[in-house]
Structures are given as structure tokens and as C-alpha cells.
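Let's take a walk through this structure together, starting with whole chains and ending with single residues. Keep the view open and turn it as you read.

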Amino acid sequence: MKKLSNIIKNNRQVAVAMVVLIAFACSDKFLEQPPKGSLSDSQVANAQGVEQVLIGAYSALRGSQRVPGSPGDWAQGFSNWVYGSVVGHESFKGSNSGDQSDINSLAAFTATATNSYLNSQWVSMYDGVGRANQVLKLLARVTDGSIADADVKRITAEARFLRGLYHFEAKIMWNMVPYVDETIDYSEKNYNLSNTEDIWPKILADFEYAYTNLPGTAPNIGRANKWAAGAMVGKTHLYMKNFAAALPVLTDVIQNGTNAGGVKYALSDNFRETFDAGNDNSSESVFAVQSSVNDGSGAAHANPDLVLNYPYLSSLPVNCCGFNQPSLDLANSYRTDALGLPLLDGTYNDAGKVLADEQWLTPTTPSSITPDAGNLDPRIDWTLGRTGVPFFDWGIYSGPPWVRQLSDGGPYMVKKYTFPKDQVGTYTDNSSWTAGYSAVNQYIIRFADVILMAAEAEVEAGSLTNALMYVNMIRARVSDPDTWVKISDDPTKNDWQAYADPTVASHNAGKYVIGLYPAFPNKDYARRAVHFERKLELAMEGHRFFDLVRWGETTTDNPNGNPVNLQAAINHNGVYVNLARGVTFQKGKNEYFPVPQNQIDLTQGSIKQNSSTGGGGN
Amino acid sequence: MKQDYLWGRWRPKWPLLFFVMMWGRVALAQDTTVSGKVTDETGAGMPGVNIVVKGTQNGTVTDATGAYILQAPADAVLVFSFIGYKTHEEPVSARSSITVSLTSDLVNLEEVVVTGYASERKQDIVSAVSTLSSANTVALPVPNVEQAIQGRVAGVQVTTSGQPGAPSQVRIRGFGSLGSNAPLYIVDGVPTYDVSNINPYDIESTTVLKDAGAASIYGARAAAGVVVYTTRHGKYDGTTRIDFDMSTGLNFPGKGVSLLNPQQQANKVYEALRNSGASTVGQPYGADINNPVVPDYINVGVQQSDGSWKPTGNIFAGDPLIGLARAHSNVSYDNGLPIVQTVMANKAGTDWYKEMTRVAPVNRFSLGMSGGGERAHYYANLGYYDQQGIALNQYLQRYNLRFNSEFKPFAKLRIGENLQLSYKKNPTIGDQQSENQLNAAYRMPTVIPVRDEAGNWAGTAAPGFNNPNNPVASLTRLNKDYNNQNSSNAFGNAYAELDLIKGLTLRSSFGGELYYTYALLYNPRTYENAENSSSNTLAEGYQYQTRWIWTNTARYQRDFGANSFTALAGYESIKDPSYSRSMTGFGLNPFSSDPNFITLTNTSSTGRQVNSGIPNQSRTLASVFGRVDYDFADKYYISVTVRRDASSAFGVDNRSGVFPAFSAGWRIKSENFMQAVTWIDDLKIRGGWGQMGNQNISPTNQYTLYGGGPNNGYDISGTNNSVTGGIIQTQVGNTLGKWEKNTTSNVGLDGTLFNGTMDIILEFWQKNTEGLLYAPNIPATAGVFTNNPVVNVASMVNKGIDIQVIERFKIGNVQVTADGNISPLKNQITELAPGISYFDAGTFRNLTFVRNAVGQPISSFFGYDMVGYFKDAADVAASPTQDGAAPGRFKFRDVNGDGVITPEDRVFMGSAVPKFTYGLNLNVKYKAFSLDMFFYGKYGNKIINFSKWYNNFYQSFSGAALSSNTLDSWSAEHSDDAKTPIMETASNFSTNTQANTWYMEPGSYLRMKNIQLNFQFPQNVLNTLHVKNLRAYVQAVNLFTITKYTGKDPEIASSVDTTLGVDVGNYPATRIWSLGLNIGF
């Protein structure tokens, strides 16, 4: 080493160079590589950052996409087409039986805690909760007064509304779920929460805070306002069976409510247009998932959870993938009597009353059928595709060729939330793998829902007269023949043009007979009428299973003695469609879904399985 | 003449003249003239043998006949060396004519092995190091150098898909990490994780550093092992070489997928429907509901009452609808007319695999030139590689240019550079584990023809056949105008070396890489499928990256009597990448699909997306390292290595890690008492212990980050076509993250026996990874992040034995060399995170097959144990309760005996990690002929043949293709040996929705990777042609594979180690026949 030091002495330049290099190699600055393409904590803890993080919390309404092992976008979000419609047996999974087979066991009430759909939805909802809490956490860190007090209040209330909403969805899916507030943080390691407490009061508190603190008019039409919060307060009360408490707030929303743009709540004139992207955020929109297309996100906000739910015929503008086919029971429910009233006694599934389309499913399937000629509620033909009725401007729906596998999904196809051909490219996004990405908003609550909830509360805790008035409001809207599906009688105009233009010669696509209830003779009748009206009006909007569980109308011996119940629907559906065959709803076990095993394991058991489901069978 | 000093002089056509001229220059050193001839064992003259006067740089090379002439002092010693032969030293002893005969030696103890930052004599190495000869590097006509390691190095697993250009997964001594287990490659001192651009002909040496003793000098990045490559160089000896190598061959796709023919398919569809009590009406097979008939037409456009046109199946010849459809035939979306096709059934059956594949050429050429004078040497090579894939329109074309040179302006200073430029075009099909076009070959019904009557594509637009896409159409559309995947790359370094004082050499090297890639994909809108795309789309993207490394070392070597010391010290700075940027764009419906027109700008303004980003965050590393090797009398060896790395990937408190290693060896043969044991030529016992690190985590792991982008925005203003920007928390920082430490121990034995005819290398090793960097899943209540924080929690153990035996013998004039290796491996996850015992992966179509669990090997298969099919109703009643149980369906084992089949009854079914891998290289030499045979195999692994899910069940995709396995489907009469369950429509727990052992197959295989017959042209021919060397060969790659696996190929590539061995759309290894030629001037 002596020699080496001599060398260094004798070669000053070398020595200097070496020192410089060593210093460089060890320099802390060299080892600090700032993250690129991202923002740090401090960059977002300000007025603008908080607002954008709040937008990020709204963004999760579409169903977060970041679930490892997720079957896809269709497993998560607020449309509830799987958990509300398919599991509620108002629709079949559709496609063919092996496709997205995890839905089969959900609908058969045999799903286990390892079902991939359940974890997807769980993670999606708690992602939303986490994003809402992030807003509150950041807000607390902005202490320089740069956010006006009114904005602090509004932002807090919006975040709490969203937090309540995401929890609400989890609550109705699993019942016993953990409540996560802004004190829970990864870095605090306090996230292994339990689910032993009924969180309805906490959800209610979030909505009530928002109801109290939010303005009626919001800076943007897509935001939660006072009245959206009020509607959720009412809905929460209904789920808690506090009908008396629900009544005043729902009444307040109906009488005084406006949408976030300040337009007074009212039913749209036209039932179909309620589900048209061109009519988003109308007077009927209380709170909706705002959908958009061609926005640079690659269709991320274009109802990614609904893209499988279109007819299958390859010549159609969208030919994927034949999921979410309305059930036989649902279609038959639209049968009306001579007065135009639904068959509340459940006889619509009886021979002679069922829709003609069921002939497709007889053992010797005919090559053609005569379209149904009986009395029908006109809403049927905006809700589902059936034989002989134009599917907007896509052509006349003709049953089997439009479905993927008749024996697995029946002859119908969902029509609500789909779009006419003339909206392709304007209200649809063609940048992804399939053409069913659309701009139509998904309602979380629409005004008709509020009215029917109010009707329900009136039946249980108020006046039957008011309930009657509310139900008839809903029915009156669809009594206008101009809003019914038309078939053109003018050879120069197609059916869609005939519908759009009343001056074109045309006739109704079905024998539509709809009438108002003359009276509700008793509470029991009123209750059945209100429940049935929800079935018809809100069909294919993801409410059905949750309503049935809430009402207890799951089995034929239900407490309300209602012949219209889940098991009755399954029994009829199962006559023809194999996925419903032999399916039995077990009371006390199948009301809620199993908590995902993955989440139980990850929290090291602090989250418990629903005792009722035992982890097997939702 | 100055120029001559720098470049030497070369005249390839008259090499002898050149040598004479060189000799003239060397002759300045006076002395006597020595001439003679060098021969091999058979007495044939050996061209190109290096001869130097020991202790000097004076020397020469033998000419084409093996003759040489040089000047040397009368008391000098001449050293004769040639690769593959034992180096021979011969004293001149005042003779003027010296003829020597060299003996071949595949394992040359004097052989110098390039290791970390240095090179060592093989006999001095006491750590786990394996080398690969340059002949092996180019043995197979494959593009990637790392593929050459497969089967030739004990302890290394290499898995390669058949897709041209696909990088292999190289796993050295098991799987240490749950993240990337890719080894670090060092090419001429420059680290990289991608060697796919290197021309195999440029490789001089390949060294695999397997244990810490060898690899921990690369500390931070060495945990998964290191492969050190050096590229070819010229020599300061005045020689000049020109080498031309080429091979040309054909790739054969092999047999495809065995599917039912159209009539069998129709029968099975009816059987499934009938078994389920469903109507057969409406199926595209005639009008008789009991006897299916394949129709003449499967898709005829028929006009409906509302004016629209609808594809209609089940039409027979003579139907007037056919004529109407022909008259309206149209497949264009641009003219506003409906899509109308007329598609005849292919009653003979379409072989989709055959249609989508081809016999494709494989060509490679390499033209190299090297030379040098006293003050400079150089190596230049131009390489071209072209492999057309067996699947239509995908290929690898690569151009390589290498230029390596070194200058010696002063005796003690060397300045040099290594530079590689490459350009490659490599359009590929989808991911190996995705439903790519190869997967479609399992799913397309044979009744569908490739094209319709008018020559347009046919497909599942024909009703009744479910949704697979026509793979011939999709591959054909991906032609070279519409599918570009190009990259350019410059890689290399420049260095200076100074011999400062005796024994001390200082070296500084600056190296790096520039990388640029561009991709274009134009997808025309489809019409022939059940589920068609809705637009013509154009995607374009590019990425640019640079990285650099600066390494400075001092190496000191000194012998004191019998004590020999080598010391190395160095420091290194790395920035990887130094700069990184990507841009991608996506647009719809350009006005014209003319490839000369389509650009992003020319796409529709609606729906256009443009993004730019930083694909790779900069990561810096500052390191100091040192190594001391000591040996006493070539008998006792000790080697100590230590490296300290500081990485930007970790927070300031845990930034640096120290990685020590110790090795020791005892060369027993050098002991006196061994001298009498003549059958042992050499015997060495060695052992080592050391630690290596891993920093393969996101360099931003320590930071809490937020991200924006349109996905996190929201259309808060209800515009329907735009989003307001939103921000979400994308990750939570883990400031406590630190180095993953990998502790290895290695005990080895090297022996050469029986007069050099047998070599044995035996190594026992264990590798423990602790504080393994891993991002455990976290409960959703903690928040849901794009990137879960990576923490040091998991641990894993790998144990194994690396055995290599080389045996050489002669039968008459036939010389045989057998070189075999076998590598047993045991891998086990020993810890994941506190309270977390597993995580699942590998979900395909709602079936999850893989569980990575404590106590199990990585990527273990998990599911129900299928014990048979339910025989009848009585069997169902007598068996444990199982959801969906019915005769002919899967019967699962009630593992916990509670009388009901629940998720608790799932078991670990098997593992994708082989119990051992093995390779055997046989070389048989007879006169001018030699035959090489190379076998490779894996034993004891399992494969999930997920392709069975698609076509062994009617209900998975009703109407799509069915496998010929279903001819043996369950029925009451044919129950016990049924290959598939009962044909039916129900999809439930007992049919096709659960991962279970029915999908699992043995993955063991033995493959003849290569058989090659070489002919070395005799000397007289070479003389006539004025060439030094001429060899021709014919070879067959992947000639046969012995396996029980029923899928296309048991070599299943996977992009991640946590989902190994699931076959979804695996690109099979293909058989290649080729002819080759090497010429040396």
C-alpha cells in the first residue's frame, strides 16, 4: 500500500480525479431520483388538489378496474345487473352457461366465498370509500384557509355522501360489513376492521350530513346535491324499516327537490327518453353515474359494466355478448287485465296468460311464432326485446337469432340502457374491443324511484291515498300512446322514424292497455301494488333482488303473503331455462352474499363470514 | 507505415504472405528461426493455432496447412494454444524445426474464465461458475443468446416459447423472488436485463455465475444469478480472420389440434342438448330434431320483413335464398350496404391450425472480420437473422453490426470500445397466457371454411357456432403494413486500461445503451365473426430510453513464492434508465386504410387518444466493491468478496446494503499424497457462503404518490363526451423498504479422472431469500392502490444439486464426448406476510388454478381432487354432498371428511416447478464427420391444460369446436375410462366452473433439441479454395419430444413466475430443418 500512496502522491491529477469520482459515486443527490409522472402528497394538499381528488372519488362510481383476478368490469359497479337483476331472477345471465360461470352459482344461491365476482365488487366499493376518505384526509391538511368555509362544507358533504353510497352498496350486498372512515389509513396499520356492527346508523349519518350541508344547486350537474342526499336518507330509512322516518324526507325531496342544475324534480314526459343519453340529467335524475364516451379514457367511463348486455346477432350494430336476458317471469309481469292493471295475484305466469314468446322454449321449438296479442303494459317494449317488436332502429326483434343460447337465457334481450343505432359513434365509444360502450347515465336514484319509495313509506306509515296518488303518477306517465313503441304503416318510413314522428302513419307494436288504479282497498293490496309497480317501472335497473330481500318476499310463504315473490319467479323461469331449474332460495341464508374469503383472510379473520351464509350459498 | 502499426495488414487471399510479412517485423528481435508444423491427434495439420514465445507478445499463427515459422531465442519456450485443445509448451532448445501434436481438451484446466470484473483460470475458481463455449452459443438457429444455455448448464432452467424473438425465461438456481427472477446479464462489463439484440456469433464466452461467491461482486442485482458475456475481439498478433457463417432452414408447424369433424360435432351437440333435456331445434344442423345433418350452407344473408339482412344458417342447396344472397354479396361497411355473405359448410372439416400456420424459412448470416497489429486490434461483424414464424405474418428480422477495437498507444495503456448496433422487426401475436390466435385454433368449429363463396372471410357470423374469431383472417390482417414492431438499439462501452506499476492495472469503463422502439397496429373492422370490432383502429406508440454505467476498477496481482494474490477494488455508478419516455396514440377510422396514408393525425378526431408517459422511473446505484483471491501453491484457495451498494429505490435510511461472500477451495490433487493416485488427474473441493441483493421493485416505492389521467377523471358536468380531471392516490410509500437478501451456500467438487477422459462437477447448494420484497395484497379497507406497497416480508428457500459429468472415449477412429447434466431443485415459499399464508393467481375464465402459499413451491396448482365421474344417481346419493352433482359429472374428494364438498376440500394438486431438469450433449467424431446430438428434459412438473376448458365441454362455448376427446365422453355405458364428462349444457360446480385435477397433466418431457451432422472439408480442398476452414452441416432442431402431455407443447412460457405452467394459447416449439456453412479465411 505504500506504493499505492506514492503513486497517488506522484499523480496528483489521478488522485484528484479519483476523489471526485468517489464523491460522485456516493453523492446523496445522485441517489435521490424524484418520481416522475406522479404527484406527491404535498402537491395535492391544496384547494385545487382536494377538488380533483374529490373528482377521483366520483370516478369510482363506474366501478374501479383495479381488482386482481377480477373477472372483468362487469363484476363491479352500481348497475347491479348481476347482483340485483340476475340474482333477483328478473333476468337470466344469458350468453351460454359456461360463459362467466361464476354468475351461475350466484343466481343459484350456491356461490361460495371464493366467487371471483364477490371480491371484485367488494374491492370496488371499498376503493370508492377509500377515495372519499382521501378527500377528507387531505382537506384536513389544508389549514391555510385557501379553501373557503362554504367549499370546505360542500366538499366534506360530497365526500361523505359518496362514502355513504359506497358503504350502502356493500351493506345491501353483504349486510355485515366494516365501516371505514377517514381515521383509517394504511400507514396507521389500523385497517383490519371488524364487521360485527350494523353500520346503517353510520351510513345514515353520512347521508344526513350531506342532506343538511349540501346546497340544492351544485357547481356541476353530476355532483351530489342536497336532494340526492335526501333521497338516500329516505332510502336508508326504508332499508332500516323506519318508514315513519323515511316519509318526511322523501316528501321533502318530492315537493322541494331539484336536480343539481336547479331544475325541479319531475318525471320525464317519456319513459323511453329517461334512458336516452341525450336526456341525461333531466328533471328525473336524482343521482346518476355520469357516463361519457370518446373522452380520451378509452371508454373507461362508458358503462364498462354493461358492455356484455346486448343482443348477439352478428348483423346488429352491437353483437356482444348476449348477457342479462330478461326472465320469463319479468316479461309476463307486464301482462295487464282489461283495466290495464297488472295481475297482482301472480297469475301472469299461468297457461293462457304467459307471453307468446315462451313458445320458443317448448320442446319442439317452432320455426316462427305469432307475436303476443294480449294486453300489455307499454313499458315492456322499452325494457326488453321481444318477438315482433322493433328493437329501436336495429330491426324487428325475432327471438332466437338475437340470443346466444336459447336454452340458457330464454327468448328476450335487455333493451333498457341500450341505444338506438342512430346514436352509434355519437353516444357510443368505438375505441374498445366491443361496440356497447355508451354515454347513457346509470341511475343510482331516479325520481320515479323516489316516488315509489315514498309510496312504500305511505303504505307502511302514512296514507293509502297518497300511496295511490304516487303509484298512479308513475302509471300516468306511460299512458301516453305517443310514447309507445310503433310499427310504421308508411312504406317510406321505418319504425323508428314512425315512433319519433307522430305524424307518420303507424300502429302500436303491441296491444298496450294500461290504466290507473281506481283505489287501494286495503293496506295489503296497496303494498302489493306498490311492490309490483317497482318491479315494472324499475325493471333491469339492478334493484330487484335487494327489494325482494328488503320486503322478505323471497319465498312463497313470505310475510306479506305476496304471490309475486322470488321463488315464484324462479319456479316459472326454471320450467324452461336450465340455469333456473331446481334453484331454491333458502330463507335466512340466501338474503346476503358470502363475504369474500380473500378479504377475511387478508384481515386475518377480523372480518367474519356472514353467519347466515356460512360462506356457502348467498 | 504508421498506419500499419495501428491496423496491421491483412490480405485474406494470401494469408501466408501476410504472416511472412509479420514475421519480418517480429524478426527485429534477432534470434534463431524456428519452423515446423502443428497437427491434431490424427496427424492432420491444424490451421490457426496460436504460437507465442512465452513471456513475450511475440508470436504467430499456423497457416492453412498447420505450418509456422517464427523467430525465437534459442532458450525460449513456445506456447501453442488453440481453443478446445490442451495448451502445449515446448522449449526451443536451440532446435530450428519443431513439430508438435495437440491433444483435444474440452475442459481445459488452464482455460481462462471470464467472471465478475475479471477473468480467472478455471482451475483456480472456487465458486459456482459454468461456462458455455462459443460453439454452443451458435449451435441452434435461434435468435437469442440466452436460449443456448438451455440444457447445457446445470442448475439453470430456460423456458422459451416458439414465437420468433420471444425472450426466454432464464432461471438460475430456482426462484428466489416473487417478482422478477430474471438474471442480470453483463455484456462486456455493461449490465442489462435484455440480451435479445445480441448476435450469437459475436459471443466469445458465456459464463454463468450461480452462487454468491461468484456473483456477489455484482451485489445488488445478483440475487437471480449473473450471466457474463464477452464479445469477440481481435488480437495483437498480426492475424486476420474473416469468417462467414450461414444457415438456412425451414420451420415446421407440426400437428395441430384434434377436433371433431363437422358431422361428429353435430352429433355431439345434439347429444349434449338431449342429455340436458333441451330442444335441438334451432341448431344449424338440418330439420330433423333427432338426426343432425351438416347443412350445405352455414351462413346465407337473408333479408327480413323490416328490410334488414340477417345471417341465416342451416340452408341447403337449391334454396332460392342463396341466389338472393349472392346478388347482394357485400362485406364493406363503407358503402352503407348491409353485410351479406354466402358461406358453404366445409363438410370435410377445416384444419384451423394448419390454415393459420405455414412452413416458414429461418435464415441467419454472419460475416465477421478481425485482425490486429502491435498497437491495435479490431473485430467487426455484420449479422442478419430472419425467422418467419409458423403463424402467418409474424416474424423476427434482425440486423446487427458490431465493432470492437482496442488501441495501445503506449505499452502500458490500452484504450478500447465495444459497440453494437441493432435493428429489429418483430411483430408478434398475443401473450402466451392469453386467448390469442393460437387459442382460436382450439375453438373454431371445423365446419366453418376459411373463406366464403366470394373469397371473403368466413367465421362465426354464421349463427350457432358461438364466438371464436377466424384466426387466419386476424393473422392475415396483421400484415407488415399494419403490424410494425421495430426497435433500434445501440449498446456498448468505451474503456481505458493502464498498467500503472507491475501487477497493478487500473481500468475505467463507461458504457450504456440507447434504445428506441416503435409500434404500429392497424386493425380493420371485422365482419366475419360473431362479435365484430366496431371500428377501424390505428394504434401507434414509441419509446425511447437511455441508460449508463461507469465502472472503475483497480486490479493487483502479485505472487510471492508459492503465495499468489489477486486483489480487485472498484466503484461503479449506474443510472438505469437515465432517460425514458413513451408516447402512444390511438385513433379510429382513418379515411383510407392505405398504409401510406394512415397516421394518427388522419384518424377521426372523435375518440382519438394520445398519451405520453415515463415507462421507467430512473434508478441510480452507487457501489464500491472489492475482492481478494489468495492461493497457496495451487493447493489452498480463499476468496473474499464484498460489495456495498446504495440504491435510489430505497429510502435514505435503508439505502445501502453490504453483500459479502467467502469461498475456499482445496485442490487435493496438488497434495503429495495424491500424486500416487494416477487415475485422478485433478480433484478439488470447494465451498462458499455469501449474500446477494435484489432491488427489483418500483424505484418510487418509498414515495406516496397520486396520479391523474382520464381514467381517474369523471364527467362531472354531464357532457357525455369529456371528463373533468381527477386525482387518486396511486400508491402509499414504504420508506422502510430495504434490500432483499439472498444467502447462498455452495459445496462443490470438481474432478478430472482416468487420464482426462472424465470430468465430474458436483455441487450442493441452498439459497435462502429473506426480507423478500413483495407487495402483499392488502384488505380493501386499507385503501385500494394501483401499486400496493412493496415490503420486506416474504421468504423462500431453494435447494438443489447441480451435477455435470463429461465422458470422452474412443472406439477405433470414432471419438465420443458425452456431456450430461442434471439439476434437481426444490423450491418452497417459507413466509409471505404476517398472517398471510397465500395469494392466488392465474385466473382464466373465472377458474383460479394457482396458489402461491407458504410451505409450497412457487406457482402451485390448487383445486379440487377429481376422483372420477359420478356413476349414477345412487353414486350421487352415496357420495358427499356436492353442488350440482349428477351422473357423468366430476366427483371431488371430500378431503376433510365432513360429508360436503366445500372450498376447504381444495388441495395442492401439483407444481409447475420441475423436480429436475437435465441435458445431454453427445458428440461423435469420425474423420471429417461429426455428429452432435443434444437432448433436454424436465421431470416432475405439472401443466394445467386449460385449452381443454374451451373444447372439452359443450357448455363452455356452446356450438364452438369440440375436441376429439369428447368422442370418449362419459355415458352410462362408457363411464370409467371416459376422457371428458357427460356432454351437456349445465355449467356448475360439478361441471366446468372449478379448478380441479382433471385439467392437470404431467409436464415431464424429453426433447431432442438438436441433431446435427457436420462435415469438415479436408485440407487439400481448403488449400485449393484458399480458405482456412470450411464446414458444412445439416441439422434438425426439436426433432422429437417424448411426453405424456396432450397439449401442443409441454414447454409452457409464462410472463410471471407466480403463474407458471398454465397453457392457454402457448406458442409451440417448432421443428426446424436447416443446412449450414462456416467458412473462415
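When charges are tallied here, Lys and Arg count as positive and Asp and Glu as negative, while His and the chain ends are left out. Each charge is placed at one atom: NZ of Lys, CZ of Arg, CG of Asp or CD of Glu. With that in hand, chain A turns out to have 50 positive and 62 negative side chains, and the centres of the two sets lie 8 Å apart. Do keep in mind that this is a predicted model.

Let's stay with chain A for its general build. Its secondary structure comes to 21 helices and 13 strands. The radius of gyration is 28 Å, close to the 25 Å that the globule rule gives for 618 residues, so chain A is as compact as a globular protein of that length. Its C-alpha atoms fill a box of roughly 110 × 50 × 50 Å along the principal axes. Of the 618 residues, 67% are buried. Look at the contacts between residues with a separation of 6 or more, and you'll find that 71% of them come from residues 24 or more positions apart. As for the outside, chain A has an accessible surface of about 19,300 Å², with 54% belonging to carbon and sulfur atoms.

Now zoom in on a helix of chain A. How many of the residues of helix α19 (residues 544-551) are buried? The count is eight of eight, so this helix is mostly covered, given that buried means under 20% relative accessible area. The buried set takes in R544(A), F545(A), F546(A), D547(A), L548(A), V549(A), R550(A) and W551(A). What lies over them? The cover includes α5 (81-86), α8 (149-174), α10 (226-239), α15 (447-461), α18 (523-537) and α20 (566-576) of chain A. Just after α19(A) comes G552(A), with a positive phi near 75°.

One of those covering helices, α10, is worth a stop of its own. T236(A) sits in this helix, and its relative accessible area is 0%, so it is buried. Setting aside residues up to four places away in sequence, T236(A) touches F168(A), W200(A), I203(A), L204(A) and F207(A).

Next, hop over to a pair of neighbouring cysteines. C320(A) and C321(A) are joined by a disulfide, with 1.5 Å from S to S, and the count over all chains is one disulfide. The peptide bond from C320(A) to C321(A) is cis as well, with omega near -5°. Are these cysteines buried or exposed? C320(A) has a relative accessible area of 1%, so it is buried, and C321(A), at 4%, is buried too. You'll find C321(A) in the loop between β3 (285-289) and β4 (323-326) of chain A.

Time to move to chain B, where the secondary structure comes to 12 helices and 54 strands. A compact globule of 1081 residues would have a radius of gyration near 31 Å, and the 33 Å of chain B agrees with that. Its C-alpha atoms fill a box of roughly 110 × 65 × 65 Å, again along the principal axes. Buried residues account for 59% of the chain. Its accessible surface is about 39,500 Å², of which 58% belongs to carbon and sulfur atoms. Chain B carries 87 positive and 87 negative charges, and their mean positions are 5 Å apart.

Within chain B, pick out T342(B) in strand β20 (residues 342-344). Its relative accessibility is 3%, so it counts as buried. Beyond its neighbours within four places in sequence, T342(B) is in contact with Y297(B), N299(B), V300(B), I322(B), A325(B), R326(B), D452(B) and E453(B).

Finally, a few backbone details in chain B. D576(B) and P577(B) are joined by a cis peptide bond with omega about -5°, and P577(B) lies in strand β28 (residues 563-588). R173(B) isn't a glycine, yet its phi is positive, near 55°. It belongs to the loop between β12 (169-172) and β13 (184-187), and at 2% relative accessible area R173(B) is buried. F754(B) also has a positive phi, about 50°, without being a glycine. The loop between β36 (740-753) and β37 (758-774) holds F754(B), which counts as partly exposed at 41% relative accessibility.

Key
Residues are numbered from 1 along each chain as its sequence is written. Chains are lettered from A and ligands numbered from 1 in the order in which they are written. This is a predicted model: local features need pLDDT of at least 70, side-chain atom pairs count only at pLDDT 80 or more; totals for chains, interfaces and linings use all residues. Side-chain values use heavy atoms; hydrogens and water are left out. A disulfide is a pair of cysteine sulfur atoms within 2.5 Å. Buried means under 20% relative accessible area, exposed over 50%, partly exposed in between (1.4 Å probe, protein chains only). Helices (H or I, at least four residues) and strands (E, at least two) are DSSP runs, numbered from the N terminus. The radius of gyration is taken over C-alpha atoms; the globule rule is 2.2 Å times the number of residues to the power 0.38. Accessible areas come from the Shrake-Rupley method with a 1.4 Å probe; for residues, only the protein chains shown count as cover. Contact means heavy atoms within 4.5 Å.
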